[in-house]
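Visitor: Could you show me how to read pockets, cavities, backbone angles and a lone charge in a model?
Guide: Gladly; let us look at it together.

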Amino acid sequence: MNSDPATYPIGTPGAPWGDTERAEWLSRQIRHRSYEAEVLSAIEKLRARFDVEEYGCLEYGDESFPLLAIRSRDWNDELPVVLVTGGVHGYETSGVHGALQFVDQYAADYAGRVNLLVAPCVSPWAYERIHRWNPNAIDPNRSFYEDSPAGESAALMRLVAPVRDRVLMHIDLHETTDTDETEFRPALAARDGKPFTPGGIPDGFYLVDDSENPQPEFQQAVIAAVEKVTHIAPADDNNEIIGSTVVARGVIEYPLKKLGLCASVTSAKYKTTTEVYPDSPRAKPEQCNRAQAVAVCAAIDYALAHG
């Protein structure tokens, strides 16, 4: 990771990266963990209870990453669809394992009530590198639009397309980490030839609602459930979280579609993006995974009750 965010070690300040800088960045990326051992193996154990499908395969150099989704076994077209996504940013670990924990421990509770579609690790290359981008230095979570430059995003959109207009609720599981400030935001500024402006990292869980279709009661139902597991991020002195106005306790809003965010890929009435803070001294990894799983349950429960 970069030790001095003000002077990122790749590129020339003020000049966007070209192919040379992207290649240098890629050469620095190290594989830290195994998608096959930690994610695919966990999905395999679920095959006895759920349908598993390969919805794409990413080829990066000599590496191949099958993309797997988990579906309700007794899919019923008369029922609403619930979409759960994790690992759009591969380094956000609890998004991946929280989605898997939800399927393993809670999904059966919704059999016959909803059709579940879960993509637990959208960005496997980045999962292994503990990074935000794919190997082309592209952020998949800014790439959910037509003719996407990110294979991860394009594959998920193809998976969702047949049910896009039948999705009642979509929850996208993320984290905000200390490395956002020390590595990923400085890298983004360097990549785009912009100055890096230091910011703060909120201590606690928060949600991102859709400013084009806000659902405040839905968001607060998720906050109330997660608060039993981990603490909620407070607003800063400007009544903001990561530079956005806090519209309700633990909730900010983004224009999801405009920004090309994953949570914009369906026509769901109820949408939210979770943000767990794993670097807090008050949160352990198991707690973070559970917070994500509990958030999914609370989101589905509210959507079914009010949908």
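Guide: We will take the features one by one, keeping in mind that this is a predicted model.

Visitor: Let us start with empty space. How do I read it, and what is the volume of the largest pocket?

Guide: The general idea is that rolling a probe the size of a water molecule over the atoms shows where empty space is left. Here the largest pocket has a volume of about 890 Å³.

Visitor: Which residues lie nearest the centre of the largest pocket?

Guide: Arg132, Arg142, Arg185, Leu188 and Tyr254 do, out of 39 lining residues. By class, the lining of the largest pocket holds 16 nonpolar, 10 polar and 13 charged residues.

Visitor: Which element gives the largest share of that lining?

Guide: Helix α6 does, with seven residues. At least two residues each come from β5 (167–175), α6, β6 (206–210) and β10 (270–276).

Visitor: And what lines the largest cavity?

Guide: The largest cavity has a volume of about 30 Å³, and the count of cavities of 30 Å³ or more comes to one. Its lining is made up of Gly204, Phe205, Thr230, His231, Val276, Tyr277, Ala283 and Cys288. Five of these lining residues are nonpolar, three are polar and none is charged.

Visitor: Back to helix α6. Where is aspartate 180 found, and is it buried or exposed?

Guide: Aspartate 180 sits in α6, which spans residues 178–191. Aspartate 180 is buried, yet it has no salt bridge. The nearest side chain of opposite charge belongs to arginine 132, 4.2 Å away. A salt bridge needs the charged atoms within 4 Å, so that pair does not count as one.

Visitor: Which residues does aspartate 180 touch?

Guide: Leaving aside residues up to four places away in sequence, aspartate 180 touches Tyr91, Arg132, Glu175, Arg185, Pro186 and Ile201. Of these, Arg132 and Arg185 are also among the residues nearest the centre of the largest pocket.

Visitor: Now the backbone. How do I read the sign of phi?

Guide: Most residues other than glycine have a negative phi. Isoleucine 130 has a positive phi of about 55° although it is not a glycine, and isoleucine 242 has a positive phi of about 40°.

Visitor: Where is each of them found?

Guide: Isoleucine 130 is in the loop between α4 (124–129) and α5 (151–160). Isoleucine 242 is in the loop between β7 (240–241) and β8 (244–245).

Visitor: Why does isoleucine 130 count as partly exposed?

Guide: Because its relative accessible area is 29%, and partly exposed runs from 20% to 50%. Isoleucine 242 is partly exposed as well, at 29% relative accessibility.

Technical notes: Residues are numbered from 1 along each chain as its sequence is written. This is a predicted model: local features need pLDDT of at least 70, side-chain atom pairs count only at pLDDT 80 or more; totals for chains, interfaces and linings use all residues. Side-chain values use heavy atoms; hydrogens and water are left out. Helices (H or I, at least four residues) and strands (E, at least two) are DSSP runs, numbered from the N terminus. Buried means under 20% relative accessible area, exposed over 50%, partly exposed in between (1.4 Å probe, protein chains only). Lys and Arg count as positive and Asp and Glu as negative; His and the chain ends are not counted. Contact means heavy atoms within 4.5 Å. On a 1 Å grid over the protein atoms alone, a cavity is a set of points where a 1.4 Å probe fits but cannot get out, and a pocket is an open set with protein on both sides within 12 Å along at least five of seven lines; lining residues have an atom within 4 Å of a point. Grid points are joined across faces, edges and corners, and a volume is the space filled by probe spheres set on the points. Ala, Val, Leu, Ile, Met, Phe, Trp, Tyr, Cys and Pro count as nonpolar, Asp, Glu, Lys and Arg as charged, and the others, Gly among them, as polar.
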